[in-house]
Amino acid sequence: MKLVSDGVNALRDAGRGFLVITHYQRLLDHIKPDVVHIMANGRIIKTGGPELALEVEERGYAHLLEEVA
């Protein structure tokens with residue numbers, strides 16, 4: 001993971017974007033996201049900053065699924 005994240009971070013600049021799909025907060029510890037989207041059933045159900053990924057890591061997805069139900 002560290003090798004891949006180092007490569008992504010080395011290529012990161014204002015003219016280039018990356019789409020990183022992960023279930024692992026560990027990866028996001030190395031690649032700090034600008035925007036986080038939470039998906040369920042093929043739809044984006046919530047969008048936020050890096051703090052949203054930390055919230056999901058701490059609390060899980062259940063409360064987000066309840067919000068959109």
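H63 sits in helix α4, residues 62-68. For helices and strands I'm using DSSP runs, H or I with at least four residues for a helix and E with at least two for a strand, numbered from the N terminus. H63 is buried, at a relative accessible area of 12%. On that scale, with a 1.4 Å probe and protein chains only, buried is under 20%, exposed is over 50%, and partly exposed is in between. The H63 side chain also has a polar partner: the side chain of E55, at 2.6 Å. A polar contact here is a pair of N or O atoms within 3.5 Å; within protein, one must be able to donate a hydrogen and the other to accept it, and residues adjacent in sequence count only if both atoms are side-chain atoms.

A word on where this comes from, please. The model is predicted, with local features needing pLDDT of at least 70 and side-chain atom pairs counting only at pLDDT 80 or more, while totals for chains, interfaces and linings use all residues. Residues are numbered from 1 along each chain as its sequence is written, and side-chain values use heavy atoms, with hydrogens and water left out.

Now the overall picture. There are four helices and two strands, and from the N terminus the order is α-α-β-β-α-α. The C-alpha trace spans about 40 × 25 × 20 Å along its principal axes. Of the 69 residues, 25% are buried. If you take contacts between residues at least 6 apart in sequence, 21% of them join residues at least 24 apart, where contact means heavy atoms within 4.5 Å.

On to the strands. β1 and strand β2, residues 43-48, run antiparallel and are joined by five bridges; two strands pair if DSSP finds at least two bridges between them. Within that pairing, A40 has R43 as its bridge partner, and M39 stands opposite I44. What are the two faces of β1? The covered face has V36, I38 and A40, and the uncovered one has H37 and M39.

The two strands form a hairpin with two residues between them. One residue to look at there is N41, in the loop between β1 and β2. Its phi is positive, about 55°, although N41 is not a glycine. As background, most residues other than glycine have a negative phi. N41 is also exposed, with a relative accessible area of 81%.

Let's turn to the largest pocket, which has a volume of about 810 Å³. For the grid people in the room: on a 1 Å grid over the protein atoms alone, a cavity is a set of points where a 1.4 Å probe fits but cannot get out, whereas a pocket is an open set with protein on both sides within 12 Å along at least five of seven lines, and lining residues have an atom within 4 Å of a point. Grid points are joined across faces, edges and corners, and the volume is the space filled by probe spheres set on the points.

Which residues lie nearest the centre of this pocket? They are V20, I21, V35, V36 and H37, out of 28 lining residues. The elements giving two or more residues to that lining are α2 (25-30), β1 (36-40) and α3 (50-59), and β1 gives the most, with four. By type, the lining divides into 17 nonpolar, five polar and six charged residues. In that scheme Ala, Val, Leu, Ile, Met, Phe, Trp, Tyr, Cys and Pro count as nonpolar, Asp, Glu, Lys and Arg as charged, and the others, Gly among them, as polar.

Three more residues before I stop. Q25 is found in helix α2 and is buried, with a relative accessible area of 12%. Leaving aside neighbours within four places in sequence, Q25 is in contact with A53, L54 and E57.

F18 is in the loop between α1 (2-11) and α2, and is partly exposed at 39% relative accessible area. With the neighbours within four places in sequence set aside again, F18 is in contact with V8, L11 and R12. From C-alpha to C-alpha, F18 and A40 are 21 Å apart, with 22 residues of separation in sequence.

Last is R59, in helix α3. R59 is exposed, with a relative accessible area of 55%. R59 and L27 are 32 residues apart in sequence, and their C-alpha atoms are 18 Å apart in space. Thanks, everyone!
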